[in-house]
Amino acid sequence: MAAALVLPLVSITEDPGTPAVRGDDDRTVDLSDDFVVLPEQTADDTDRGWGERSGGNDDWLLAERPPHWD
């Protein structure tokens with residue numbers, strides 16, 4: 001079930017007797033979990049964005065670990 005936020009209508013006229021103009025403030029905003037504003041990871045925060053190969057070198061780093069880390 002998708003959640004929705006309905007914003008109240010606010011009069012932007014000087015005269016309280018004049019009907020308010022309905023605009024963008026009255027639209028329903030979808031707040032479901034499927035709505036993505038920003039991605040979890042940007043393109044420059046990947047191995048390729050840092051200029052590295054995609055294979056990684058974790059095995060080599062673990063093998064070359066300094067003795068005082070054990």
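This dialogue walks through a predicted model of one protein chain.

Trainee: Which elements make up the secondary structure of the protein chain?

Mentor: Start by counting helices and strands. Here the chain has one helix and two strands. Then read their order. From the N terminus on, the elements run β-β-α.

Trainee: In which element is confidence lowest, and in which is it highest?

Mentor: Look at the pLDDT, the predictor's confidence in each residue. The chain averages 74, and 69% of the residues score at least 70. Strand β1 (residues 4-6) has the lowest confidence, with a mean of 69. Helix α1 has the highest, at 87.

Trainee: How many of the 70 residues are buried, as a percentage?

Mentor: A residue is called buried when its relative accessible area is under 20%. In this chain, buried residues make up 3% of the 70.

Trainee: Which residues make the nonpolar surface patch?

Mentor: Look for nonpolar side chains at the surface that lie within 5 Å. Phe35, Val37 and Leu38 make such a patch, of about 370 Å². Take Leu38 as one example. Leu38 sits in the loop between β2 (28-30) and α1 (58-63).

Trainee: Is Leu38 buried or exposed, and why?

Mentor: Exposed means over 50% relative accessible area. Leu38 has 65%, so Leu38 is exposed.

Trainee: Which residues form the negative surface patch?

Mentor: Here, look for like charges joined within 9 Å. Asp47, Glu52, Asp58 and Asp59 form the negative patch. One of them, Asp58, is found in helix α1.

Trainee: Why does Asp58 count as exposed?

Mentor: Use the exposed cut-off again: over 50%. Asp58 counts as exposed because its relative accessibility is 55%.

Note on methods. Residues numbered from 1 in each chain as written. Predicted model: local features only at pLDDT ≥ 70, side-chain atom pairs only at ≥ 80, totals over all residues. Heavy atoms only, no water. Patch = residues over 30% accessible without salt bridge, like charges linked within 9 Å, V, L, I, M, F, W, Y side chains within 5 Å. Areas by Shrake-Rupley, 256 points an atom, 1.4 Å probe, with all protein chains shown as cover. Salt bridge = Lys/Arg side-chain N within 4 Å of Asp/Glu carboxyl O. Helix = DSSP H or I, 4+ residues; strand = E, 2+ residues; numbered from the N terminus. Buried < 20%, exposed > 50% of the residue type's maximum accessible area, 1.4 Å probe, protein only. pLDDT = per-residue confidence, 0-100. Lys, Arg positive; Asp, Glu negative; His and termini not counted. Charge placed at Lys NZ, Arg CZ, Asp CG, Glu CD.
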